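Subject: Structure for your attention

Dear colleague,

Please find the structure below, together with its sequence. My notes on what was found in it follow.

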Amino acid sequence: TRGLMNGKRGLIMGVANNKSIAWGIAKALADAGAELALTYQGDALKKRVEPLADQLGAIVAGHCDVTDAASIDEVFKTLEDKWGKIDFLVHAVAFSDKAELTGRFVETSSDNFARTMDISCYSLVAVTQRAEKLMADGGSILTLTYYGAEKVMPHYNVMGVAKAALETSVKYLAMDLGPQNIRVNAISAGPIKTLAASGIGDFRYILKWNEYNSPLRRTVTIEEVGDSALFLLSDLGRGVTGEIQHVDCGYNIVGMKAVDAPDI
Ligand code: NAD
């Protein structure tokens, strides 16, 4: 992949620490020669993200909370001033109240439903609106989703509903932006132990279940998600848009518990 992204610049949103999926993607892009800008959400994450950005020679484009439109505008202004244009954007952002990522979906509150949808789904639209203006020569936008959008997964609840809306948003955005050669895709990643995932009830059980029952009999790594992201964000993926690409060791094709799966 060396040199694949030479001359390309882009923004990565969603690095919280070195376990983040966005970090796996950032490493793959930097290894391939891309110039990166990272954002962080709040001061607590600033001191985590700054040294990580240094490791990749990336710039830090500042604080961005997607619920605060002014902070999104500021980040894109910074990029416009610094680079003039961008070639790609990675959206690896999601949030829901932990108290509602366990138990029954039917208990979801109106407030948390709206907040989850805003942060985990609408924010892709919000950042795409800004990115479009900086992608005069075309570009590639990528978000992260999960199988809980397609099938009922225990405890995923309102986040599953938000991911279903996110996946459909990918398709509508792909159609709108296609004429400008801006591609919009999602990776549906298998379960990975990250900060966000630790908020989901019984997450260790979900990890084990995937490990025992996926065709590859293991779970996926952030480096593997990073390599698939590199394909979609580079010119190798130039014919692909509106796609929900599973990077899950094949788990999504499975219809039943594997015959060799141990009991958990
Ligand atoms: P993570 O905790 O490392 O990353 C989540 C990021 O979302 C953090 O950087 C956090 O700062 C950011 N975020 C949350 N609310 C925000 C807000 N209001 N404004 C700006 N940023 C905000 O966890 P992760 O698992 O790497 O999550 C990245 C993406 O991958 C998410 O969309 C998640 O749903 C998705 N995903 C995760 C898994 C998994 O098993 N970990 C599987 C499939 C998809």
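Which residue in β5 does V90 stand opposite? The partner of V90 is L142 in β5. Please keep in mind throughout that this is a predicted model.

**Overall make-up**

The chain contains seven helices and seven strands. Read from the N terminus, its elements follow the order β-α-β-α-β-α-β-α-β-α-β-α-α-β. A compact globule of 264 residues would have a radius of gyration near 18 Å, and the chain agrees with this because its own value is 18 Å. Along the principal axes, the C-alpha atoms occupy a box of roughly 55 × 40 × 40 Å. Of the 264 residues, 45% count as buried. If one takes the contacts between residues at least 6 apart in sequence, 74% of them join residues at least 24 apart.

**The sheet**

The seven strands form an open sheet with parallel pairing, in the order β3-β2-β1-β4-β5-β6-β7. Its edge strands are β3 (59-63) and β7 (244-247), each of which pairs on one side only. From one strand to the next, the twist averages 20°.

Two of the pairings can be described in detail. Strand β2 (residues 35-40) runs parallel to β3 and is joined to it by three bridges; Y40 has H63 of β3 as its bridge partner. Strand β4 (residues 88-91) pairs with β5 in the parallel sense over four bridges.

**Strand β5 and the helices α4 and α5**

How many of the seven residues of β5 are buried? Seven of the seven are buried, and the strand is described as mostly covered. Both faces are covered: G139, I141, T143 and T145 are buried on one side, and S140, L142 and L144 are buried on the other.

Helix α5 (residues 157-177) lies across β5, β6 (182-189) and β7, and runs at about 160° to β6.

Two residues of helix α4 also deserve a note. The helix spans residues 110-133 and includes R115; L124 has its place in α4 as well. Is L124 buried or exposed? L124 counts as buried because it has 26 C-beta neighbours inside 10 Å, where 20 or more are required. Apart from its neighbours within four places in sequence, L124 is in contact with H91, T143, L166 and S169. L124 and L142 are 18 residues apart in sequence, and their C-alpha atoms are 9.1 Å apart in space.

R115, by contrast, counts as partly exposed, because it has 18 C-beta neighbours inside 10 Å. The C-alpha atoms of R115 and A162 are separated by 9.9 Å, although these residues are 47 apart along the chain.

**Surroundings of the ligand**

Which residues come nearest to the ligand? Of the 27 residues around the ligand, these are S20, L144, T194, L195 and A196. The elements that give two or more residues to this shell are α1 (21-31) and β5 (139-145). By class, the shell has 20 nonpolar, six polar and one charged residues. L144, one of the nearest residues, is also one of the buried residues of β5.

**Two residues with positive phi**

Most residues other than glycine have a negative phi. Two residues in loops may therefore be worth your inspection, as N181 has a positive phi near 60° and D202 has a positive phi near 50°.N181 is found in the loop between α5 and β6. With 14 other C-beta atoms within 10 Å, N181 is partly exposed. D202 lies in the loop between β6 and α6 (203-213). D202 is partly exposed too, with 13 other C-beta atoms within 10 Å.

For inspection of the model, β5 offers a convenient starting point: this strand pairs with β4, is crossed by α5 and contributes to the shell around the ligand.

With kind regards

Conventions
Residues numbered from 1 in each chain as written. Predicted model: local features only at pLDDT ≥ 70, side-chain atom pairs only at ≥ 80, totals over all residues. Near = placed C-beta within 6 Å. Nonpolar A, V, L, I, M, F, W, Y, C, P; charged D, E, K, R; others polar. Rg over C-alpha atoms; globule rule 2.2 N^0.38 Å. Buried ≥ 20, exposed ≤ 12 C-beta atoms within 10 Å, placed from the backbone. Contact = placed C-beta atoms within 7 Å. Pairing = 2+ DSSP bridges. Axes fitted to C-alpha atoms, helices over the stretch in contact; angles between N-to-C directions.
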